[in-house]
Amino acid sequence: MTRAERRNEKKKYGKDFVHFCRIMKLYFPDFVSWLAGLKDPRKFWTYETEIMLMTVIMKNVCCIGSMQQMTEEFLKDECVKNLCAALGVPEHEFLPHYVTINEFLSKMDTGELEKLRSQMVHALLRRRKFEQARLLGKYWMVIFDATGLFHFKERHYPHCLKKVLNKGTKEERTVYYHHVLEAKLVLGDGFVVSIGTEFIENEHEDVPKNDCETKAFKRLAEKLKKDYPRLKMCVLADSLYASEPVFETCGKKGWHFLIRYKDGSIPSVAEEYRSIRGSGGADSLEGTIAREYPRKGKVNKKQHMEWVPEIDYRGYSLTLLALEMEEAEEKTGKTRSAVFQWLTDLTVTHRNAGEFAAAGRGRWCIENQGFNIQKNIRYDIQHANSTDYNAMKCHYLLTQIADILMQLYERGRPGIREAKKIIKNISSDLLESFGELLTGEDISFMSAYGYIKTA
């Protein structure tokens, strides 16, 4: 794309903040009232709840690295007037200072922000625009994975996890850290949104053993069943979840699962699989997929799938599905192969084996679209934003809410990625637009009824 073409594209996709608010209101007409309806922990206040929270959401979508930088960036009169006009609240002299926001978040119940996210997800599901993302046309895929957030040299809160490095040596030191378990709903190719969060934390500082991902899964499962009691769910997870407690939890909740499997996870399953396969009892399927990549050129992927149903493991009837892929690049002539295995309690057939394999490999979405972008490209979720632990958690939840809005914004404006190329440029253009005063026509356009086609 030439510079002239890029300039024309930028003109076509101007007024970024106006379009962001329009898409937010089209998907969530009650979003502002949801913000206003959250329980306010303050007895006396200068700023409305919706102003306090939306300021942090705008910090995230504009890719601003710190709270102090946010205060500096949002110092413009135009930013203050625009946000107040978009939210329909009386105009303030300034947007709230980062110290004011952090004091507010330190007292706020994290359950209120989880309720807000739940309202947003329910609104998306009711639109029935993402039905094609269901596995086998029935089950919503929910990916579970954990990641690290903050690390400290000293304990700053009783719930910190603790790890001793280089134990027994002169370099021995203790690190205090925080992890989080996320459940993300797959709504399409590369479109995953947070529907549940469980912070992995110790009950108190003297516990003999750290809290872990498996225990957090049980707690998160309880939350999800309460928030989405009728959601037909298939759990996607890595090999850490190939265990009886996870199978039992899924069975009690009425969920199915498709879990990455390694031979060391449950040795008896691998042994039975090899035995049945050796006796010719496995079903198999061959296939070839041709794909064009910008750098690799044309790549032919040969796939060999085989599966053994009804493998018994402590009363659970499991199917082990194995996918062997061989990629041949025409441009370089290189060939490489890889083997993937999954366990599922669903029925695998010749018709749906390919769909299972594609869904299983799609688990990387939470690591790329989820954690990688949020850590390294747009939101910097490893930056604490506050010294108060409760405020840290609120910041994290507000980031997940902002991410839902930002993904809808990017998909609701066709061609935006072609016009602005990279994720950070989309956010920087949104920040620039936020500093341009809205007109009466802009405000009318934001609230006008319309239709959004998700890319």
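Which helix gives the largest share of the lining of the second largest pocket? That one is settled in the legend for the pocket view below. These legends go with a predicted model, so read every value as computed from that model.

**View 1. The whole chain, for orientation.** Before zooming in, here's the lay of the land: the chain has 17 helices and 10 strands. Of its 455 residues, 51% count as buried. If you take contacts between residues at least 6 apart in sequence, 67% of them join residues at least 24 apart.

**View 2. The second largest pocket and its lining.** Back to the opening question: helix H8 (residues 110-126) supplies the largest share of this lining, with three residues. The pocket has a volume of about 350 Å³. Around it you'll find His122, Leu125, Arg126, Arg128, Glu131, Arg134, Trp140, Tyr228, Pro229, Arg230, Leu231 and Lys232. Sorted by class, that lining comes out as six charged, five nonpolar and one polar residue.

**View 3. Helix H8 from end to end.** Now for the helix itself. H8 is 17 residues long, and its first and last C-alpha atoms are 25 Å apart, close to the 24 Å you'd expect at 1.5 Å a residue. Much of H8 is tucked away: 12 of its 17 residues are buried, so the helix is mostly covered. The buried set is made up of Thr110, Glu112, Leu113, Glu114, Leu116, Arg117, Ser118, Met120, Val121, Ala123, Leu124 and Leu125. Leu125 is worth a second look, as Leu125 is on that buried list and also turns up in the lining of the second largest pocket.

**View 4. Val121 and its contacts.** Staying on H8, this close-up picks out Val121, which is found in that helix. Is Val121 buried or exposed? At 1% relative accessibility, Val121 counts as buried, since the cut-off for buried is under 20%. Setting aside neighbours within four places in sequence, Val121 is in contact with Leu185, Ser194, Ile195 and Tyr228. Tyr228 is also one of the residues lining the second largest pocket. Look for Ile404 too: Val121 and Ile404 are 283 residues apart along the chain, yet their C-alpha atoms are separated by 8.9 Å.

**View 5. The cavity.** How many cavities of 30 Å³ or more does a search of the whole structure find? Just one. About 60 Å³ of space lies in the largest cavity. The lining consists of Phe150, Tyr379, Asp380, Ile381, His383, Ala384, Asn385, Met392, His395, Tyr396 and Thr399. Helix H14 (residues 389-412) gives the most to this lining, with four residues. By class, the lining splits into six nonpolar, four polar and one charged. In case you're wondering how such a space gets picked up, rolling a probe the size of a water molecule over the atoms shows where empty space is left.

**View 6. An aromatic cluster.** The structure holds 14 aromatic pairs. In one of them, the ring centres of Tyr27 and Phe28 are 6.3 Å apart and the planes meet at 45 degrees, so the pair is tilted. Phe28 also pairs with Trp34, again in a tilted arrangement, at 6.2 Å centre to centre with 50 degrees between the planes. Put together, Tyr27, Phe28, Phe31 and Trp34 form one aromatic cluster. Tyr27 and Phe28 are both buried, and for Phe28 the relative accessible area is 1%. Trp34 is buried as well, with a relative accessible area of 15%.

**View 7. Helix H4 and the residue just after it.** H4 covers residues 49-61, and its 13 residues should span 18 Å at 1.5 Å a residue; the end C-alpha atoms are 19 Å apart, which agrees. How many of the 13 residues of H4 are buried? The count is 13 of 13, so H4 is largely enclosed by the rest of the structure. Just after H4, check the backbone at Cys63, where phi is positive, at about 60 degrees.

**View 8. Ser239 in its loop.** The last close-up sits in the loop between strand S5 (233-237) and helix H10 (244-253), where you'll find Ser239. With a relative accessible area of 19%, Ser239 is buried, because buried means under 20%. Not counting residues up to four places away in sequence, Ser239 touches Arg260, Tyr261, Lys262 and Ser265.

Technical notes:
Residues numbered from 1 in each chain as written. Predicted model: local features only at pLDDT ≥ 70, side-chain atom pairs only at ≥ 80, totals over all residues. Heavy atoms only, no water. 1 Å grid on protein atoms, 1.4 Å probe; cavity = no way out; pocket = protein on both sides within 12 Å on 5 of 7 lines; lining within 4 Å. Points joined across faces, edges and corners; volume = space filled by probe spheres on them. Helix = DSSP H or I, 4+ residues; strand = E, 2+ residues; numbered from the N terminus. Nonpolar A, V, L, I, M, F, W, Y, C, P; charged D, E, K, R; others polar. Expected span 1.5 Å × (residues − 1). Buried < 20%, exposed > 50% of the residue type's maximum accessible area, 1.4 Å probe, protein only. Contact = heavy atoms within 4.5 Å. Phe/Tyr/Trp six-rings, centres within 6.5 Å; stacked < 30°, edge-to-face > 60°.
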